[in-house]
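Biologist: Please take one spot in this model and look at it closely. Then work outward from there, step by step.

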Amino acid sequence: MRIGIVGFGVGGRLFHLPYVQAATEWELVGVVARSETTRAALAAAAPGVPAFASLDALIDAGVDAVVITTPPATRRELVLRALERGVHVVADKPFAPDAATARELIAAAGAARRTLTVFHNRRWDTDLVTLQSVLASGELGPVWRADFALEQDDRSVLDQGPDEGLLRDLGAHVVDQLTQLFGPVERVDAHLDWIGEGEQRVDVGFFLGLHHASGVFSAVSSTKGARRDDRRMIVIGREGNYESHMSDVQVEQLRAGLTPSADADVWGVEAEERWGVLTTGAGATRVPSQRGDYTEFYRDLHRAIVAGETPNVTLEQALHTVAVLDAARASALTGERAAV
């Protein structure tokens, strides 16, 4: 099937292009890149891949699906236009600025009878798939609580504006991860760190307490404003705990010049010295890294479209994530616990 990418910033360059190219089920038709600087970056990263001036021009070239990875404020209109033109759509996260807009996009996909899904690629993070293997083993017993952090020392890629910020950016990822592990969230306690004033006020850090319907409590934090880098996953169960501080493996490999297509044998596997530790009554053991690969998102999308099935990232799940973020924002502004 034929696919195109709309936008070629950090997301298009690091999180979409390499994995579309690695998914042999797809043919990359081109990328919407309008500025000379962006077109030069595309030519360097993907020689021979055409640049298009607009979404419509890309669709006119003949695509089955498009990936919308432009800034969040532009995303709604582009998703609606792509669906109107009759193509399948991958919307980058945040899926929408609020649940009402998410429902609007979901309704548009239903009316168009086209697949719409959200790029929650961090379901295929190396540390997450390794943790899933630990949970599947049953060695932790019933889970009581979890502590996640995804903190990055990089304000330069933080989207600005009242409908953006870190909660809707990295927050969308970690909330999606935790709901995949422990089920839907019923209530949220939240704190946000702010910089700026008025229309330029933006959250650069958050701490969320998520009360899952399953009875698990998860705490999740993130910052891009405190000169701090940290990734941690700590899960505590009746029989023990698991702790992981793996790196952002796939991003680091890309920055080192590796790609998921050319280096498939080593792709997405953490170095042994950073493996997580499972501690139970039998003692502490290091857990070998599982393989993470965002390419699986695009393989799954192809399977879903061809078979007419629901993709791994469902619209119901994407809507729930947005609703959790809405509740978190409400809790942070009122100082009270918010229902989802």
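**From one loop outward**

Modeller: Arg113 sits in the loop between H5 and S6. This is a predicted model, and the backbone has a notable value here. Phi of Arg113 is positive, about 55°, although the residue is not a glycine. A second backbone feature belongs to the other loop that flanks H5. Pro94 lies in the loop between S5 and helix H5, residues 99-112. The peptide bond joining Lys93 and Pro94 is cis, with omega about 0°.

Now follow the chain into the sheet. Strand S5, residues 88-91, pairs with S6 in the parallel sense, over three bridges. Val90 stands opposite Thr117 in S6. The full sheet is open and has six strands. Their order is S3-S2-S1-S4-S5-S6, and the pairing is parallel. Its edges are strand S3 (51-52) and strand S6 (116-118), each of which pairs on one side only. So S6, which follows the loop of Arg113, is an edge strand.

Helix H1, residues 10-22, packs on this sheet. It touches strand S1 (2-6), strand S2 (27-32) and strand S4 (65-68). The direction of H1 makes about 170° with that of S1. One residue of H1 deserves a closer look: Gly11 is in this helix. Gly11 and Thr70 are 59 residues apart in sequence, yet their C-alpha atoms are 8.3 Å apart in space. Leaving aside residues up to four places away in sequence, Gly11 touches His16 and Thr69.

H1 also meets a helix from much later in the numbering, H9, residues 295-307. Their axes come within 8 Å and cross at roughly 60°. H1 and H9 are therefore oblique to each other. The crossing is right-handed. On the H1 side the contact uses His16, Tyr19, Val20 and Ala22; on the H9 side, Thr295, Tyr298 and Arg299. By class, that contact has four nonpolar, two polar and one charged residues. His16 thus appears twice: it touches Gly11, and it takes part in the contact with H9.

Next comes another sheet. This one is open too, with nine strands and mixed pairing. The order is S14-S13-S12-S11-S7-S10-S9-S8-S15. Strand S14 (283-287) and strand S15 (338-339) form the edges, each pairing on one side only. Inside it, strand S9 (residues 202-212) and strand S10 (residues 217-223) run antiparallel, joined by seven bridges. Phe206 has Ser222 in S10 as its bridge partner.

Two helices lie across these strands. H6 spans strand S7 (143-151), strand S11 (230-237), strand S12 (240-244), strand S13 (276-280) and S14. It runs at about 10° to S11. H7 lies across S7, strand S8 (185-195), S9, S10 and S11. H7 runs at about 10° to S9. Both helices therefore reach S7 and S11.

H6 and H7 also pack on each other. H6 covers residues 126-137 and H7 covers residues 170-182; the angle is about 15° and the axes are 11 Å apart. That angle makes H6 roughly parallel to H7. H6 passes H7 in a right-handed crossing. Leu128, Leu131, Gln132 and Leu135 in H6 meet Gln177, Leu181 and Phe182 in H7. The contact counts five nonpolar residues, two polar and no charged ones.

H7 has a further partner, helix H10, residues 315-334. Here the axes come within 9 Å and cross at roughly 120°. H7 and H10 are therefore oblique to each other. This crossing is right-handed as well. H7 brings Gly171, Ala172, Val175, Asp176, Thr179 and Gln180; H10 brings Gln317, His320, Thr321, Val324 and Leu325. The residues divide into four nonpolar, six polar and one charged.

Last, the whole chain. It holds ten helices and 15 strands. Its C-alpha atoms fill a box of roughly 60 × 50 × 40 Å along the principal axes. The radius of gyration is 20 Å, which agrees with the value near 20 Å for a compact globule of 340 residues.

Key: Residues are numbered from 1 along each chain as its sequence is written. This is a predicted model: local features need pLDDT of at least 70, side-chain atom pairs count only at pLDDT 80 or more; totals for chains, interfaces and linings use all residues. Side-chain values use heavy atoms; hydrogens and water are left out. Axes are lines fitted to C-alpha atoms, for helices over the stretch in contact, and angles run from 0 to 180 degrees between N-to-C directions. Helices (H or I, at least four residues) and strands (E, at least two) are DSSP runs, numbered from the N terminus. Angles under 35 degrees count as roughly parallel, over 145 as roughly antiparallel, 65 to 115 as roughly perpendicular and the rest as oblique. A crossing is left-handed if the near helix is turned anticlockwise from the far one by less than a right angle, and right-handed if clockwise. Contact means heavy atoms within 4.5 Å. Ala, Val, Leu, Ile, Met, Phe, Trp, Tyr, Cys and Pro count as nonpolar, Asp, Glu, Lys and Arg as charged, and the others, Gly among them, as polar. Two strands pair if DSSP finds at least two bridges between them. The radius of gyration is taken over C-alpha atoms; the globule rule is 2.2 Å times the number of residues to the power 0.38.
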